[in-house]
Every structure is written in C-alpha cells, then in structure tokens.
Amino acid sequence: MKAIQINGAIKKYTTIPKAWGNTIGGFDLLSSTEWEAAGFYDVSTPAYDSNTQYLGDLEFDSENNVFTYPVINKTWTQTVAEL
C-alpha cells in the first residue's frame, strides 16, 4: 500500500494510479524511486497489542520516508475492581 500527502491530507492507495500529474498512462509501471519523487511512499503498520494499545492517525515519518501509524497506549478511568 502507498500513500501521498496533498494539502495536509493523507490519501492511501491500494494500487498506484495509472495516471498521475503529467504522466497520462504508465505511472503505475514506474520505479519506486520515481513514485517517491512524486510523493508516494509505503504505508507501514507497526506491531501492537490491541488489548492495551491502538493505532493513531496515519502520519509521515520523515526519518524513514514512510507513512506509519503511531502506537498509542490505552488508558482506563476505572480500576480493575470497578470493571
């Protein structure tokens, strides 16, 4: 899966579009380097424990050049006895 950020909004693509920008056809056949030059990067889903964590909103990790979901720890307002 790839994603691109346009005007602050991130859009995910399960497949690369055949046409994008000045490329009328064959954009999906270009190399990963050319997709990245156009702003398309991989989407990475980190491992997490769904019992105690959840995934936040998709964001761009500029250090690794990948879109990823932050892992957020769940919090409970009740004690174990109250639950």
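Trainee: In which strand is the place of Q53?

Mentor: Q53 has its place in strand β4, which covers residues 53–55, and I should add at once that this is a predicted model.

Trainee: What makes the approach of the side chains of Q53 and N73 a polar contact?

Mentor: The side chains of Q53 and N73 are joined at 3.2 Å, and since the cut-off for such a pair of N or O atoms is 3.5 Å, the distance qualifies. N73 also appears among the contacts of Q53 beyond its neighbours within four places in sequence, a list that consists of Y48, V71, I72, N73 and K74.

Trainee: How do you know that K2 is buried?

Mentor: K2, which lies in strand β1, has a relative accessible area of 10%, and buried means under 20%, so K2 is classed as buried. The side chain of K2 also makes a polar contact of 2.7 Å with the side chain of D42. Not counting residues up to four places away in sequence, K2 touches a number of residues, including K11, Y13, W35, F40, Y41 and D42.

Trainee: What makes β1 and β2 a pair of strands, and in which sense do they run?

Mentor: Pairing requires at least two bridges, and 5 bridges join β1 to β2, which run antiparallel. Within this pairing Q5 stands opposite I10 in β2. The two strands form a hairpin with 2 residues between them, and N7 in the turn has a positive phi of about 50°.

Trainee: What are the senses in which β3 pairs with β1 and with β6?

Mentor: Strand β1 (residues 2–6) and strand β3 (residues 41–44) pair in the antiparallel sense over 2 bridges, with Y41 in β3 as the bridge partner of A3. With strand β6 (residues 66–68), by contrast, β3 pairs in the parallel sense, again over 2 bridges, and V43 stands opposite F67 in β6. The requirement is at least two bridges, so 2 bridges are enough in either case.

Trainee: How many aromatic pairs does a search of the whole structure find?

Mentor: The search finds 7 aromatic pairs, and F27 with F40 is a useful one to work through.

Trainee: Why is the pair of F27 and F40 called tilted?

Mentor: The ring centres of F27 and F40 are 5.6 Å apart and their planes stand at 55°. The centres must lie within 6.5 Å, while planes under 30 degrees apart would count as stacked and those over 60 as edge-to-face, so an angle of 55° leaves the pair as tilted. The pair links distant parts of the chain, with F27 in the loop between β2 (9–13) and α1 (32–37), F40 in the loop between α1 and β3, and 13 residues separating them. Y13, W20, F27 and F40 form one aromatic cluster.

Trainee: How do you know whether F27 and F40 are buried or exposed?

Mentor: F27 has 3% relative accessibility and F40 has 0%, and with the limit for buried set at under 20%, both residues count as buried.

Trainee: What makes the pair of Y41 and F60 tilted?

Mentor: The ring centres of Y41 and F60 lie 5.0 Å apart with their planes at 55°, which again falls between the bounds of 30 and 60 degrees, so this pair is also tilted. Y41 in strand β3 and F60 in strand β5 (residues 59–61) are 19 residues apart, and their pair links distant parts of the chain.

Trainee: Why is Y41 placed in one accessibility class and F60 in another?

Mentor: Y41 has a relative accessible area of 16%, which is under the 20% limit, so Y41 is buried. F60 has 29% relative accessibility, a value that is neither under 20% nor over 50%, and therefore F60 counts as partly exposed.

Trainee: What is the radius of gyration of the protein, and how does it stand against the value for a compact globule?

Mentor: The protein has a radius of gyration of 18 Å, whereas a compact globule of 83 residues would have one near 12 Å. Its C-alpha atoms fill a box of roughly 60 × 20 × 20 Å along the principal axes, and 23% of the 83 residues count as buried. The elements within that box are 1 helix and 7 strands, which follow the pattern β-β-α-β-β-β-β-β along the sequence.

Methods: Residues are numbered from 1 along each chain as its sequence is written. This is a predicted model: local features need pLDDT of at least 70, side-chain atom pairs count only at pLDDT 80 or more; totals for chains, interfaces and linings use all residues. Side-chain values use heavy atoms; hydrogens and water are left out. Helices (H or I, at least four residues) and strands (E, at least two) are DSSP runs, numbered from the N terminus. Rings of Phe, Tyr and Trp (its six-membered ring) pair if their centres lie within 6.5 Å; planes under 30 degrees apart count as stacked, over 60 as edge-to-face and the rest as tilted. Buried means under 20% relative accessible area, exposed over 50%, partly exposed in between (1.4 Å probe, protein chains only). A polar contact is a pair of N or O atoms within 3.5 Å; within protein, one must be able to donate a hydrogen and the other to accept it, and residues adjacent in sequence count only if both atoms are side-chain atoms. Contact means heavy atoms within 4.5 Å. The radius of gyration is taken over C-alpha atoms; the globule rule is 2.2 Å times the number of residues to the power 0.38.
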